[in-house]
Amino acid sequence: MWDRKKLKEIAKEKFQANYWKCVLVALLFAFITGGVYNGSGITFRDGFMDGFKEGWTTYDSGENDEDELFDDDDTTVKAAYNSELGREIDNALNEIETENADTDEFIESLRNMSSTDKVVLVVILVILFTIIFLIIAVISILVDAFLLNPLEIGCAKFFYKNLSEPANVSNVACGFDHGYKNGVKIMLWRDFYHFLFLWSLLFIIPGIVKAYEYKMIPYLLAENPEMTKQEAFAESKRMMDGQKWRAFVLDLSFIGWDFLSIFTFGLLPIFFVTPYKRSAQAALYDALKYEKRVISQSDVAPM
C-alpha cells in the first residue's frame, strides 16, 4: 500500500532533479489553461494609463515649469505648442459631449418605445446573447478537446517519465503524435462524464467521485495511445478502486502550499507548487500501477 509521505518525497526528489524543465512544462500547461495569475496585478495597459494620468495631472496642476520644456528665447515654439495642445483638448471634450448627447438621445428613444416594441427588443437581445454564448461555448469546447486535452496527456507523459529518468520537454508533444484522434475522443468523453455528474445530476459529491475515478486516464493514454475508450475507463476505474479517498487526501495535503501561494504574488505556484503537484500525481499513478499489477498476479492460481 502506497504511503502518502513517501510518495511526496519521491515526487519532490524527481522534480528537483530536473527542476527547470519541470517548471517549464507545468508553466506551459498552466498558462494555456489560464492557471497563471499575475500576482502583481499590473499590466502594460495599466502602467501606461497610470503614467499618462500622472503626467497629465502634473501638467494640469502647473507643477511642470514650461521653462523645463522650452528655452526662454523659444517663445514662438512655446506658443505654437500651447495652441496645438489647446485645440486637441477642445476636440477631445467636444467628442465626449457628442457621445454623451447621442447616448442621452438613445436612452430617450428607448423610453418612448411602445410596450410591444420593448418586448421585441428584449427577445432579440436574448436571442443575440444566447447565440454569442453558444459560439463561445463551442469554441471553448473545441480548444479544450483538440489542444488542451492532448497537452494534458503530454504533461502526464513528461512527469511520469521524469520519475525514472530526466524527461525532455519534447515529451509534452506526445499527445499530438501517435494516437491523437483516439486521445481527443477519450478525453472528450471524460470531460462529458465530469459535466454530466457535476451539473446534470445536481450533486457535487458524485461529480468529485467520478473525477477521481477517471483521474488516471491521461496517464494511461500517455503510455497506451491506442487504448480504447472502454479499456481506458475500465482500467482507470480499476486502479482507483478503493483509492479515491486516499487520492483526495493526497491532493488536500497541498492546501498549505496553496495558502502560501496567495502571499507570493503567484511565484510559488510557478516555481514549486504546480510542478510538485504534477510530479506527485505521476508518482501516484506509478504506485497504483505497481500495486494493481501485484494484486492481479496474486489472483492467478499457481500451476
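How many salt bridges does the structure hold? In this predicted model, the structure holds seven salt bridges. The legends below take up some of them, followed by the cysteines, the nonpolar core, a buried lysine and the aromatic rings.

**Figure 1. Salt-bridge network of Glu-152, Arg-190 and Asp-191.** These three residues are linked in a network of salt bridges. Glu-152 pairs with Arg-190, and their closest N and O atoms are 3.2 Å apart. Glu-152 belongs to helix α6 (residues 115–161) and Arg-190 to helix α7 (residues 180–200), so this salt bridge ties together parts that are 38 residues apart in sequence. Both Glu-152 and Arg-190 are buried. For Arg-190 the relative accessibility is 8%, and the residue therefore counts as buried. Arg-190 also meets the side chain of Asp-191 in a salt bridge, with an N to O distance of 3.0 Å.

**Figure 2. Salt bridge between Asp-251 and Lys-215.** The closest N and O atoms of Asp-251 and Lys-215 are 3.4 Å apart, and the two residues form a salt bridge. Because Asp-251 lies in helix α11 (residues 244–252) and Lys-215 in the loop between α8 (204–213) and α9 (217–223), the pair ties together parts that are 36 residues apart in sequence. Asp-251 has a relative accessible area of 23% and is therefore partly exposed.

**Figure 3. Surroundings of Cys-22 and Cys-155.** The structure holds zero disulfides. Cys-155 is in no disulfide, and the nearest cysteine sulfur, which belongs to Cys-174, is 9.0 Å away. With a relative accessible area of 1%, Cys-155 is buried. Cys-22 is placed in helix α2 and has a relative accessibility of 0%, so this residue counts as buried. From C-alpha to C-alpha, Cys-22 and Cys-155 are 9.4 Å apart in space, while 133 residues apart in sequence. When its neighbours within four places in sequence are left aside, Cys-22 is in contact with Phe-15, Phe-158, Phe-159, Asn-162 and Pro-275.

**Figure 4. The largest nonpolar core and the contacts of Met-216.** This core has 48 residues, of which Leu-7, Met-216 and Leu-284 touch the most other members. Two or more residues are given to this core by each of the elements α1 (4–17), α2 (19–32), α6, α7, α9, α10 (229–240), α11 and α13 (267–299). The largest share, eleven residues, comes from α13. Apart from its neighbours within four places in sequence, Met-216 is in contact with Ser-236, Met-239, Met-240, Leu-284, Tyr-285 and Leu-288.

**Figure 5. Lys-229, a buried lysine with no salt bridge.** Lys-229 is found in helix α10. Where is the nearest side chain of opposite charge? That side chain belongs to Glu-213 and is 11 Å away from Lys-229. A salt bridge requires a nitrogen and an oxygen within 4 Å, and Lys-229 has none although the residue is buried. Its contacts, leaving aside neighbours within four places in sequence, are Ile-186, Trp-189 and Tyr-193.

**Figure 6. Aromatic pairs formed by Phe-248.** A pair of aromatic rings is described by the distance of the centres and the angle of the planes. The count for the structure comes to 16 aromatic pairs. Tyr-212 and Phe-248 form one that is edge-to-face, at 6.0 Å centre to centre and with 80° between the planes. This pair links distant parts of the chain, with Tyr-212 in helix α8 and Phe-248 in helix α11, 36 residues apart. Tyr-212 is buried, with a relative accessible area of 11%, whereas Phe-248 counts as partly exposed at 28% relative accessibility. Phe-248 also forms a tilted pair with Trp-245, at 5.5 Å centre to centre and with 35° between the planes. Trp-245 and Phe-248 are three residues apart in helix α11 and are therefore separated by about one helical turn. At 63% relative accessibility, Trp-245 counts as exposed.

**Figure 7. Cluster of aromatic rings.** Which residues do ring pairs link into a cluster? The cluster consists of Phe-15, Tyr-19, Trp-20, Phe-254, Trp-257, Phe-271, Phe-272 and Tyr-276, linked through ring pairs. Phe-15 is also among the residues in contact with Cys-22.

Terms used:
Residues are numbered from 1 along each chain as its sequence is written. This is a predicted model: local features need pLDDT of at least 70, side-chain atom pairs count only at pLDDT 80 or more; totals for chains, interfaces and linings use all residues. Side-chain values use heavy atoms; hydrogens and water are left out. Helices (H or I, at least four residues) and strands (E, at least two) are DSSP runs, numbered from the N terminus. Buried means under 20% relative accessible area, exposed over 50%, partly exposed in between (1.4 Å probe, protein chains only). A disulfide is a pair of cysteine sulfur atoms within 2.5 Å. A nonpolar core is a set of buried Ala, Val, Leu, Ile, Met, Phe, Trp, Tyr and Cys residues joined through side-chain atoms within 4.5 Å. Contact means heavy atoms within 4.5 Å. Lys and Arg count as positive and Asp and Glu as negative; His and the chain ends are not counted. Rings of Phe, Tyr and Trp (its six-membered ring) pair if their centres lie within 6.5 Å; planes under 30 degrees apart count as stacked, over 60 as edge-to-face and the rest as tilted.
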